[in-house]
Structures are given as structure tokens and as C-alpha cells.
Amino acid sequence: MPNFRVPVLPVESTVICSNGHELHGRIFVPEVASQHQGPMRAEEWINQKDSFFPFLPDDAQKAVILNKCQVLVLTVAADSDPNDLPEEASIPRQAVSIELSGMSISGTVFLDMPANHERVLDVLNGQGAFLPVHEGMKHHLVAKRAIIRVNETEGEQ
């Protein structure tokens with residue numbers, strides 16, 4: 001039986017694990033997304049149902065397998081998500097500061113939700129295990145289960 005594989009693209013990323021380890025390397029996202037043209041966005045990829053994923057550390061020849069339940073934050077370059085929401089889009093957004101155990105992340109959360117559900121609370125309670133937080137040229141995908149507190153900060157970014 002032939003070995004079928006989905007064509008993937010390597011995406012430079014940083015993973016912060018629940019044990020405090022920070023890994024630099026690459027994740028692998030499908031070249032073709034089912035919901036839009038082009039490659040799958042990191043947010044779509046991390047929010048898939050699979051529990052484990054391969055990660056190729058910068059200092060390794062072979063990939064390691066990581067458990068999504070142990071990932072606190074996955075960070076990718078903003079330009080690695082070309083099909084993501086453009087910064088100039090008219091989608092409501094809110095600047096936030098997110099507190100996790102031993103660290104915090106600040107950035108912008110897009111409130112791309114149905115009418116009357118355009119609050120940070122609605123996004124946090126919405127689908128997906130990871131919350132996308134935009135910070136300049138980085139996209140942080142924060143594990144919702146690890147969030148201790150979210151502070152909405154002044155203005156929109």
C-alpha cells in the first residue's frame with residue numbers, strides 16, 4: 001500500500017511548553033487549506049483535533065513529537081499567515097494583556113464574531129483551544145486552558 005502524505009510547508013516557530021522549555025524550530029502546515037485558497041494558517045492548524053504534532057527543532061536532524069496539551073504558546077511570524085486577517089481590515093479588535101503562569105503576552109485580539117458577540121469574552125469562550133494574539137510582526141497562539149487572566153487595555157492596536 002502506498003504511503004500517502006499531505007504536502008506541507010515548514011513554518012518557523014517558537015513553542016513555549018508547560019514545563020517552561022522554549023523550543024525554536026519549524027511546524028509543518030498543509031500547503032492547501034480546506035476553507036480558503038493557499039496554505040493553512042497556523043491558527044487553523046493548531047486548532048485541529050489532533051493531539052500530537054511533529055516539530056523540528058533548529059538544532060536537530062529529526063522531528064520530535066509534541067503534545068498540544070503541553071503547549072502554552074506557539075509563536076509564528078505574521079507573514080507566515082498570508083491568508084490571515086489584514087491589519088487594516090474593518091473587523092473590531094481589542095488590545096489585551098494576557099497572564100499565564102510565569103509569563104504574560106500583550107497584543108491585539110480580533111473580534112471576528114457574529115453581531116452581539118463581539119467581546120473578548122466571546123472570543124475566549126468561542127471555538128478553538130488556542131487564542132490568536134497579534135503583536136506587531138508576530139502571531140501568538142495562546143492555549144486558552146492556560147490563561148489565568150485577560151486584561152483589556154486602552155484602545156485598539
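Tryptophan 45 and phenylalanine 53 are both buried, where buried means under 20% relative accessible area, exposed means over 50%, and partly exposed lies in between (1.4 Å probe, protein chains only). This is a predicted model, in which local features need pLDDT of at least 70, side-chain atom pairs count only at pLDDT 80 or more, and totals for chains, interfaces and linings use all residues. Residues are numbered from 1 along each chain as its sequence is written, and side-chain values use heavy atoms, with hydrogens and water left out.

A search of the whole structure turns up 1 aromatic pair. Tryptophan 45 and phenylalanine 53 form this pair, edge-to-face, at 5.0 Å centre to centre and 80° between the planes. Rings of Phe, Tyr and Trp (its six-membered ring) pair if their centres lie within 6.5 Å; planes under 30 degrees apart count as stacked, over 60 as edge-to-face, and the rest as tilted. Tryptophan 45 has a charged companion too: the charged end of lysine 68 sits over its ring, 5.8 Å from the centre. For that, NZ of Lys or CZ of Arg must be within 6 Å of the ring centre and within 35 degrees of the ring normal.

Both aromatic residues appear again in the largest nonpolar core, which has 35 residues; Ile27, Trp45, Phe53, Leu74, Ile98, Leu100 and Val142 touch the most other members. Strand 5 (residues 71-77) gives the largest share of this core, 5 residues. A nonpolar core is a set of buried Ala, Val, Leu, Ile, Met, Phe, Trp, Tyr and Cys residues joined through side-chain atoms within 4.5 Å.

Now to the strands, which are DSSP runs of E, at least two residues, numbered from the N terminus. Two strands pair if DSSP finds at least two bridges between them.

| Strand pair | Sense | Bridges |
|---|---|---|
| Strand 1 (residues 8-17) and strand 2 (residues 22-30) | antiparallel | 9 bridges |
| Strand 2 and strand 3 (residues 52-57) | antiparallel | 2 bridges |

Glycine 25 of strand 2 stands opposite serine 13, and its bridge partner in strand 3 is proline 57. The hairpin of strand 1 and strand 2 has 4 residues between the strands, and there glycine 20 takes a positive phi near 95°.

Why are there 0 disulfides? The sulfur of cysteine 17 is 12 Å from the closest cysteine sulfur, in cysteine 69, so the two are too far apart for a bond; a disulfide is a pair of cysteine sulfur atoms within 2.5 Å. Cysteine 17 is buried, at 11% relative accessible area, while cysteine 69 is partly exposed, at 48%.
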